[in-house]
Amino acid sequence: PMVTGTSVLGLKFSGGVILAADTVGSYGSLARFRGISRLLRVNDSTVLGASGDYADFQHLQQLLEQMVIDEELLGDGHSYSPRAIHSWLTRVLYNRRSKINPLWNTVVIGGCQGGESFLGYVDMLGVAYEAPSLATGFGAYLAQPLLRAALEQGRTPSREEARELLERCMRVLYYRDARSFNRYEVATVTEKGVEVEGPLTLEANWDIAHLVRSVL
Amino acid sequence: SAAPLPLCPQTTIMAVEFDGGVVIGADSRTTTGSYVANRVTDKLTPVHDRIFCCRSGSAADTQAVADAVAYQLAFHSVELEEPPRVRTAARLFQQSCYRYREELSAGIIVAGWDPRRGGQVYVVPLGGLLLRQPFAVGGSGSSYIYGFLDATFQPGMSRSQCQEFVARALALAMIRDGSSGGVIRLAAITEEGVERTVLAGSDLP
């Protein structure tokens, strides 16, 4: 992997799904490309967020775009469901890993179709599962516990609560993930369709810096 | 020119867009290890009349890919009966660089002018992704000037401002990077054509 993206977060709320990812492509430790989008609107019901190699993500983007076009051409009113995209992606990624030539990505798929929201994960090994909250990369260690805490006792957050929680998680990741950046995008999928906001900027709180002094 | 060590893009290359065209620049040093094999290399390679590529990485790899793209573009241009788009050239580079990413060591900046979108700069780094940027740098020397670039770049610069920007940036990189040096080759690509300049010795900013 050469140019890579860091964490992608996903959270189900009452009425849909939200995904968030920052807009930086890192070249090792260098924040080389600071305005790239790692969230892809597949169709009106599905969004895909990818971490890992950006060139491989662009490759997936091309494949998916062509698939969606081919499907539109059929003109039968049907479009790929989020679950279908997830299933397809699992097959593709697992097949590539089985040829020892993986697409070096961890992908989160979020969607809403027929009133039912979907949130799925696939990684470069072909490991795939669904969950009410997802996070890749550093997010799995730092953000997932925060996301899960909000979902305890079967609670489903409202859209505003989910949005705020994701912003809080992105801030934590900005503090603690050395490969992150303070600009990010958010994609919300509901029955009404896909809404991508961004790039948004995170405000960091450095107040505690004044409380700390170096003492021998 | 001789192929440098693999995975060591020993160069500084740069391209900036302005309204009406692009300014591209590169140093002129090719090294095999620490010996300067060619001190007057031309790393600004035309792939079509108004489309150039700046090459970093393995000289052999980039020359081979650039040759192939130049051929494809020439053919495409004849079929199209009009000048090819810069984006097409960039996409052709990306297709080769992505497909053969494991075998190639090529960091390429594609820049040029076409009648549809004017001046454009695209970057195809190691790994084979494709991205359009207002300006792009590449090569080992680029690491030393990110700070300068971040502090100095303004969108909407004129052609002469761009040329000065590129010259200053390259000069700074060449001082600090042992793998970059020699003269600064600049080219300004516009609708009127390609104007090449060489900044050497005392001309260096």
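Good morning. I begin with a contact between two chains: the axes of helix H1 of chain A, residues 54-74, and helix H2 of chain B, residues 86-99, come within 12 Å and cross at roughly 115°. Please bear in mind that this is a predicted model. Angles of 65 to 115 degrees count as roughly perpendicular, and H1(A) and H2(B) are therefore roughly perpendicular to each other. The crossing of H1(A) and H2(B) is left-handed.

Which residues meet there? From H1(A) come A:Ala55, A:Asp56, A:Gln58, A:His59 and A:Gln62, and they meet B:Arg91, B:Gln94 and B:Tyr98 of H2(B). By character, the residues of this contact are two nonpolar, four polar and two charged.

I turn now to the sheet in chain B. Five strands form an open sheet in the order E10-E1-E2-E11-E12, and their pairing is antiparallel. At the edges stand strand E10, residues 135-138, and strand E12, residues 194-199; each has a single partner strand, so one side of each is left without a neighbour in the sheet. From one strand to the next, the twist averages 10°.

Consider next the pairing at E10(B). Strand E1 of chain B, residues 13-18, is joined to E10(B) by four bridges, and the two run antiparallel. Within this part of the sheet, B:Ala15 stands opposite B:Ala136 of E10(B).

Finally, what lies across the sheet strands? Helix H4 of chain B, residues 159-176, lies across E1, strand E2 (21-26), strand E11 (184-190) and E12 of that chain. The direction of H4(B) is at about 165° to E1(B). Thank you for your attention.

Note on methods
Residues numbered from 1 in each chain as written. Chains lettered and ligands numbered in written order. Predicted model: local features only at pLDDT ≥ 70, side-chain atom pairs only at ≥ 80, totals over all residues. Heavy atoms only, no water. Axes fitted to C-alpha atoms, helices over the stretch in contact; angles between N-to-C directions. Parallel < 35°, antiparallel > 145°, perpendicular 65-115°, else oblique. Left-handed = near helix turned anticlockwise from the far one by under 90°. Contact = heavy atoms within 4.5 Å. Nonpolar A, V, L, I, M, F, W, Y, C, P; charged D, E, K, R; others polar. Pairing = 2+ DSSP bridges.
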